[in-house]
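Got the structure open in your viewer? Let's walk through it one selection at a time, beginning with a pair of helices.

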Amino acid sequence: MNRIIELKGVTAGYRRGNPVISNIDLSVAKNDFLAIIGPNGGGKTTLLKVILGLLVPWSGTVSVLGGSAQNARLEIGYVPQVIPDDPFPVTVMDVVLMGRLKNSGLFRRFSNRDRKIARINLDRLDVGNLAGNEINSLSGGQKQRVLIARALAGNPHILLLDEPVASVDRDTQDSFFNILAELNREITILLVTHDVGAVSAYIKNIACINRVLISHGETLSSESVAKAYGCPFELVSHGGIPHRVLGKGIES
Amino acid sequence: MINALGYTFMQHAVIISLLGSVACGIIGTLVTVNRMSALAGSIAHASFGGLGLAYFMGFSPLMGATGFAAVSAIGMTVVTSGNRVKTDTVMAAMWATGMAAGLIFIKLSGTYSANLMSWLFGSLLAVSASDITYAAILDIVILIVITGLYKEFLAVSFDREFSLLQGVPTNLIRGIFLILTALTAVLLMKITGLIMVIAMLAIPAAIAEMYTGSLWKMMILASIMAAVFNLVGLALAWMLNLPPGAVIILIAAFAYGAALAIERIRSGTA
């Protein structure tokens, strides 16, 4: 199965008559590393919610790993945006263990195997030494790594990241993308961001979203696409990375 | 003060203060980390309608309040699984509706002032044996539920969406949490009174949050804090002949102010 995420003509939103994303086509191949870029309010998070099955689209079809989004949910590692200065009394280890909840059950404790897997994934993200620390004491970049470790603890097929570099400072961004590239050997990665600087050479594909989204970008000229959909020009002219803009309903 | 412990009513007051601290510390911690004190307040005040109804119909006020609190907690679970704006409005409406219904029922029952005052401001020195049984059962239920579902409560409090994606029944966990909050609020009404329930849920947990790095430690410290406030408040109120509920709250507020000041100084010098 090559296409592991397939959206066709998806329109979704929260209030009737006011779609946040409109007529979206998106297909993600196995082992792709796709960055979807768009402005705030452009529908990035909404798109993620549709893929995760948290939001049922008004129209169109969603297929993830060959089945419905809800059924595929447990196979997706979701990494939400790090919210700075939101204190919570919990240790790093306990956060990563949350990624093992689906393998455990109500009225059961986490097993030694769960703890071992959590530990392995913390080490994988270079934050194993922080396991016993409080989450509040971590920097934004460290928190980000912990949340990725949590997502990986469930052995997902797909990693979905919401604004992953927003909290990572520029100096450590390279090593951050190195880790993602490493993970990408086994796992399909899809990230959404409003930050053009989030683009790295490791990313294999780029799409733009601003309510609509166009795939099959190769049939269109990058520049005209950029103008029509408000994609940042410097990104388009960046070169090297195949670029596409998602959505086909050209209105507005 | 030691002599006072010879009185049954004082023994009851001490026992319910200690039992109440357990529920207060555990549930208060969850209310605090979920930033849901307004929701807890709303459920507590809605239960006042049940109290009034119980007086009017002539059944146990404790059961009336418990029933109303549980029903409003379930109602809030259903409503708050939807959108935020509606939640806020429903919360405010439920808060006031419960109070209004309670006042009217109590008035109609003809026992207006005495009952009203005792539930609004607490009646720590008039605790019955059945109140103590209620507190003991509630503590046991809370301890079983929270130890059995600790990892789920932690995960849902920390990140509800992620928990849902992990297959955790988040609405069920939330519903259980709100019902336990409602029952705890009813118990605390006996101690500090309805008006001060939120403070008792919020303050010990808020202080504990400053000094602990995990949820269970916070629950334990908050319970100890609540016990200290309750007992010191009770003793002071006895010696000074003041209403215990109010004294307990003032001590808690003073401790919270001191904790905040200490933290300010510490972070200022760091």
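Start in chain B of this predicted model: select helix H1 (residues 8-33) and helix H10 (residues 197-211), whose axes come within 8 Å and cross at roughly 80°. That crossing makes H1(B) roughly perpendicular to H10(B). By class, the contact between these two helices has 10 nonpolar, 4 polar and 1 charged residues.

To see who meets whom, show side chains on both helices. From H1(B), pick B:Cys24, B:Gly25, B:Ile27, B:Gly28, B:Thr29, B:Val31 and B:Thr32. Across from them in H10(B) you will find B:Met200, B:Leu201, B:Ala202, B:Pro204, B:Ala205, B:Ala206, B:Ala208 and B:Glu209.

Next, stay in chain B and select helix H7 (residues 150-158). How many of its 9 residues are buried? The count is 8, so mostly covered is a fair description of H7(B). The buried residues run through B:Lys151, B:Glu152, B:Phe153, B:Leu154, B:Ala155, B:Val156, B:Ser157 and B:Phe158.

Now bring up what surrounds them. In chain B, the buried residues of H7(B) pack against H1, helix H6 (129-148), helix H8 (160-165), helix H9 (170-191) and helix H11 (215-240). Turn on chain A as well, since helix H3 (92-97) of chain A is also among their packing partners.

With both chains visible, look at where they touch: chain A brings 19 residues to the contact and chain B brings 22 residues. On the chain A side, 14 of the residues are nonpolar, 1 is polar and 4 are charged.

Then go to the largest nonpolar core, which has 163 residues. Which residues have the most contacts inside it? Select A:Leu160 and B:Ile43. H9(B) gives the most to this core, with 13 residues. Zoom in on A:Leu160: leaving aside residues up to four places away in sequence, A:Leu160 touches A:Leu48, A:Ile51, A:Leu52, A:Ile76, A:Tyr78, A:Val79 and A:Leu190.

Finally, take in chain A as a whole. There are 8 helices and 10 strands to trace, and 46% of its 252 residues count as buried. Of the contacts in chain A with a separation of 6 or more, 71% join residues 24 or more positions apart.

Before you leave, color chain A by pLDDT. The mean is 83, and 83% of residues reach 70 or more. Two stretches deserve a look: pLDDT stays under 50 over residues 215-222, where the model has 16 contacts beyond four places in sequence, and also over residues 233-240, where the model has 11 such contacts.

Technical notes: Residues numbered from 1 in each chain as written. Chains lettered and ligands numbered in written order. Contact = placed C-beta atoms within 7 Å. Nonpolar A, V, L, I, M, F, W, Y, C, P; charged D, E, K, R; others polar. Axes fitted to C-alpha atoms, helices over the stretch in contact; angles between N-to-C directions. Helix = DSSP H or I, 4+ residues; strand = E, 2+ residues; numbered from the N terminus. Parallel < 35°, antiparallel > 145°, perpendicular 65-115°, else oblique. Buried ≥ 20, exposed ≤ 12 C-beta atoms within 10 Å, placed from the backbone. Core = buried A, V, L, I, M, F, W, Y, C linked by C-beta atoms within 7 Å. pLDDT = per-residue confidence, 0-100.
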